[in-house]
Amino acid sequence: MDDFRGKVAFITGGGSGVGLGQAKVFGKAGCRVVIADIRQDHLDHGLKALKDQKTECHGILLDITDRDAYARAADEVERVFAPAQLLFNTAGVSIFGPLEKSTYSDWDWQMGVNFGGVVNGVQTFVPRMIAFGKGGHIVNTASLGGFLSSSFAGIYCAAKFAVVGLSDALREALAPYQIGVSVLCPANVKSNIAEAVKTRPAKYADSGYHYDEETFASLSRIYSQGMEPVELAGHVLEAVKKNQQYIIPYPEARAPLEAHFKTIVDSVTSPESDPDGIAKRQAAMMKYRDEVAEQQRKRKA
Ligand SMILES: NC(=O)c1ccc[n+]([C@@H]2O[C@H](COP(=O)([O-])OP(=O)(O)OC[C@H]3O[C@@H](n4cnc5c(N)ncnc54)[C@H](O)[C@@H]3O)[C@@H](O)[C@H]2O)c1
């Protein structure tokens with residue numbers, strides 16, 4: 001996709017940080033932009049910034065874990081503008097602490113927003129994008145933590161690994177509909193994510209982690225050195241034009257990613273160790289694929 005003029009972009013978490021950067025950049029490229037956010041103050045701030053740069057925009061207060069509200073939001077997008085051709089599943093939250101101390105609430109909140117929210121975006125918008133029939137693009141925001149896990153961010157990373165896996169599968173599934181899929185994996189962005197706990201619902205208040213003003217200050221210091229959201233979104237724009245699968249504009253990520261994938265590849269046994277097994281398993285897989293294709297052909301006929 002390289003002509004964004006008039007196309008409708010729906011951006012979760014669009015009131016702040018990465019999402020607002022995307023709203024500004026895709027708005028400047030000509031999109032009509034709908035930002036959705038759980039925080040009214042973030043929505044107000046985002047809409048003002050978009051109006052100041054003369055982007056046609058609309059805001060929707062939305063908790064992406066609420067499936068009914070998500071469907072209503074998609075109806076509103078169509079009523080106000082038109083069906084969305086660009087979907088940015090960007091909203092996310094983070095809280096860090098020892099994995100072994102995590103509570104179910106720590107799990108449910110982070111998985112619910114960081115993975116469940118993306119699932120809800122996909123389930124809500126993909127059928128509408130296919131029905132609209134004009135192609136489009138989906139950008140899911142994972143993280144470098146979607147490839148590289150660490151114990152203090154275990155739940156966050158589990159959710160982001162899931163976002164990467166979902167995005168790769170979705171890319172294959174939607175190619176026949178001319179809908180591209182990219183997954184954005186930032187390392188550090190100048191955003192408000194240090195205060196994500198403010199949106200943690202009361203029903204998930206029970207946490208196994210320690211979080212106080214000192215924690216907040218340390219996190220804020222890291223993110224203050226992050227990439228500007230508009231700069232990051234510029235990389236996203238270029239990636240969408242090329243339908244690039246992964247967007248990782250952080251040179252410092254290369255060495256750890258190479259080391260990680262080398263460890264994985266080095267764990268694979270050599271082809272000489274089991275030639276008969278390879279042949280048997282590959283033949284079974286080919287047969288399964290042929291059978292599924294034949295079953296699908298029959299169902300369509
Ligand atoms: N900041 C970083 O360094 C960094 C690094 C890697 C990945 N990311 C990812 O980038 C994405 C955006 O985060 P950010 O850094 O811009 O943070 P941010 O807090 O500035 O923006 C996130 C926005 O999402 C909104 N939000 C939170 N929960 C929501 C919900 N349930 N429903 C709707 N909106 C909700 C927040 O109100 C906020 O406006 C997240 O997915 C995050 O995991 C950020």
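1. For the classes used here, Ala, Val, Leu, Ile, Met, Phe, Trp, Tyr, Cys and Pro count as nonpolar, Asp, Glu, Lys and Arg as charged, and the others, Gly among them, as polar. The shell around the ligand then has 14 nonpolar, 11 polar and four charged residues.

2. The model is predicted: local features need pLDDT of at least 70 and side-chain atom pairs pLDDT 80 or more, while totals for chains, interfaces and linings use all residues. Numbering runs from 1 along each chain as its sequence is written, and side-chain values use heavy atoms, with hydrogens and water left out.

3. There are 29 residues around the ligand (a heavy atom within 4 Å of it), and Ser-16, Asp-37, His-42, Tyr-156 and Ser-191 come nearest. For polar contacts (pairs of N or O atoms within 3.5 Å), a polar side-chain atom of Asp-37 lies 2.5 Å from a ligand oxygen. The side chain of Tyr-156 has an N or O atom 2.6 Å from an oxygen of the ligand, and that of Asp-63 has one 3.0 Å from a ligand nitrogen. The protein buries 97% of the 810 Å² that the ligand exposes when taken alone (Shrake-Rupley method, 1.4 Å probe). Helices α1 (17–28) and α5 (154–174) each give two or more residues to the shell (helices are DSSP runs of H or I, at least four residues).

4. Helix α4 (residues 104–132) bends by about 40° at Gly-112 (angle between axes fitted to the seven residues ending there and the seven starting there). Gly-133, with a positive phi near 75°, follows α4.

5. Eight aromatic pairs are found in the whole structure (ring centres of Phe, Tyr or Trp, the last by its six-membered ring, within 6.5 Å; planes under 30 degrees apart are stacked, over 60 edge-to-face, the rest tilted). Phe-26 and Phe-88 have ring centres 4.8 Å apart and planes at 65°, so the pair is edge-to-face.

How values were computed: Polar contact = N/O pair within 3.5 Å; in protein donor to acceptor, adjacent residues only side chain to side chain.
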